[in-house]
Amino acid sequence: MPEGNEIHRWAERHYAAFGGKVIRADGPQGRFKDTDVIDGRKLLRVMAVGKHLGYVFGKDRILHIHLGLQGDFTEGTGPLPEVRGALRLRMWNAAAIKKPVAPGESKRHAWYADDDGSNDFDAKRVAWVELRGPMDCSIYTNAKWDKLRERLGPDPLGVDGKGGDDPDRAFAKILKSRKAIGELLMDQSVIAGIGNIYRAELLFRARLSPFTPGKDVPEATLRAIWNDALPLMRAGMADRRIVTTLPRDRPSSHGRNSKRPPEKAEVHYVYRRNGLPCFVCGTAVRKQEMAGRNLFWCPVCQTD
Ligand SMILES: [Zn+2]
């Protein structure tokens, strides 16, 4: 499941590619029938909240996309590729591509975790995107989008990926709750956009036990976590890689004072490091299920 950094990255990238331009859209296999609402219109803005994307083509013409577990975009610079796979939607720059021609180049995007960025190309060159396997792809009215925003907690990245959401709503919910902070951080109605990796890593960086009840977390700690999330998630947008360790905590020699990218085994403090020694104290990192997802933490560094 992509986390907020990945969703906001798509928002920025698709706006850079298509913002202010006339966009053609179709659902060539009949899996999405409402393309006439947006086809041939200018893309005015791309919004992201938590794991939701909203492409604004005018009032009550918001294309809502939630990738869910399986959804992914493919993009390309050349002519529109021939239709293949379970294609829900494709959008293309009307000025760059006069009519669909086949075949063309269609490269699948690797997930950020496996992508070293070498396949990346300038978003301004993107002529088309394809969408496959999303949990939702539908047209929202402005009212429906507003309702979604109300249902979701504030997003550390803000609606435009630069922060700015007011976190007080989230803090108030957490400080009233007996639920564990590790569970609350994953609850999209409390805070939007944080997934399993950021949950584990933000709690480690705050040295806070994931089992601490929300009501017992000092508000200053919540604020520190909130402030920590924005630069971490922004960095994850830029290079599609979630890196949360500080250079001084990475055991490999090149990590200590170097600007070189960290080795794969050193990008996280606790996420998927169960059984391995904590980079800070050497204790074995632990794993346990919480609210249906694996939770990772250091029992020594992270206290109530
Ligand atoms: Zn530790």
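Biologist: What makes Arg-272 count as exposed in this structure?

Modeller: In this predicted model, Arg-272 has a relative accessible area of 61%, and since exposed means over 50%, Arg-272 is called exposed. The residue is found in the loop between H7 and E11, and its phi is positive, at about 55 degrees, although Arg-272 is not a glycine.

Biologist: Why is Asn-274 called partly exposed?

Modeller: The relative accessible area of Asn-274 is 34%, and because buried means under 20% and exposed over 50%, that value falls in between and Asn-274 is partly exposed. Asn-274 lies in the loop between helix H7 (253-257) and strand E11 (286-290), where, leaving aside its neighbours within four places in sequence, it is in contact with Val-285, Arg-286, Lys-287 and Phe-296.

Biologist: Which class does Arg-207 fall into, and how do you know that?

Modeller: Arg-207 has 31% relative accessibility, which lies between the limits of 20% and 50%, so Arg-207 counts as partly exposed. Arg-207 lies in the loop between H5 and H6, just after H5, and takes a positive phi of about 55 degrees although it is not a glycine.

Biologist: What makes the site of the zinc ion tetrahedral?

Modeller: The zinc ion is coordinated by the SG atoms of Cys-278, Cys-281, Cys-298 and Cys-301, at 2.3 to 2.4 Å, and donors are accepted within 2.8 Å of this metal. The angles among the four donor atoms run from 100 to 116 degrees, and because four donors count as tetrahedral if all angles lie between 85 and 135 degrees, the site is tetrahedral. As a general reference, the ideal angle for four tetrahedral donors is 109.5 degrees. Along the sequence, the donor residues are spaced C-x2-C-x16-C-x2-C.

Biologist: Are the donors Cys-278 and Cys-281 buried or partly exposed?

Modeller: Cys-278 has a relative accessible area of 5%, and as buried means under 20%, Cys-278 is buried. Cys-281, with a relative accessible area of 32%, is above that limit but not over 50%, so Cys-281 is partly exposed.

Biologist: How do you know that H5 is mostly covered?

Modeller: Nine of the ten residues of H5 are buried, which means that each of these nine has under 20% relative accessible area. They are Asn-196, Ile-197, Tyr-198, Arg-199, Ala-200, Glu-201, Leu-202, Leu-203 and Phe-204, and the buried residues of H5 pack against H1, H4, H6, E11 and strand E12 (293-297). Leaving aside its neighbours within four places in sequence, Phe-204 is in contact with Tyr-269, Val-270, Cys-278, Val-280, Cys-298, Cys-301 and Gln-302, and among these Cys-278, Cys-298 and Cys-301 coordinate the zinc ion.

Biologist: Which residues touch the most other members of the largest nonpolar core, and which helices supply it?

Modeller: This core has 35 residues, of which Ile-181, Tyr-198, Leu-202, Phe-204 and Val-270 touch the most other members. Helix H3 (168-176), helix H4 (181-184), helix H5 (196-205) and helix H6 (219-239) each supply at least two of its residues, and the largest share, seven residues, comes from H6. Apart from this core lies another, of 27 residues, including Leu-43, Ile-65, Met-91 and Cys-137.

Biologist: What makes strands E3 and E10 the edges of their sheet?

Modeller: The open sheet has four strands in the order E3-E4-E5-E10, with antiparallel pairing. Strand E3 (45-49) and strand E10 (136-140) each have a single partner strand, so one side of each is left without a neighbour in the sheet. E3 and strand E4 (residues 52-56) pair over five bridges, and because at least two bridges are needed for a pair, the two strands qualify.

Biologist: How do you know that strand E9 is covered on both faces?

Modeller: Five of the five residues of E9 (residues 128-132) are buried: Trp-128, Glu-130 and Arg-132 stand on one side, and Val-129 and Leu-131 on the other. Buried means under 20% relative accessible area, so with buried residues on either side, both faces are covered. E9 is joined by five bridges to strand E6 (residues 72-76), in the antiparallel sense, and it pairs with strand E7 (residues 87-93), again antiparallel, over five bridges.

Technical notes. Residues numbered from 1 in each chain as written. Predicted model: local features only at pLDDT ≥ 70, side-chain atom pairs only at ≥ 80, totals over all residues. Heavy atoms only, no water. Core = buried A, V, L, I, M, F, W, Y, C linked by side-chain atoms within 4.5 Å. Buried < 20%, exposed > 50% of the residue type's maximum accessible area, 1.4 Å probe, protein only. Contact = heavy atoms within 4.5 Å. Donors = N, O, S within 2.8 Å, 3.2 Å for Na, K, Ca; no water. Tetrahedral: all angles 85-135°; square planar, octahedral: opposite > 155°, others 65-115°.
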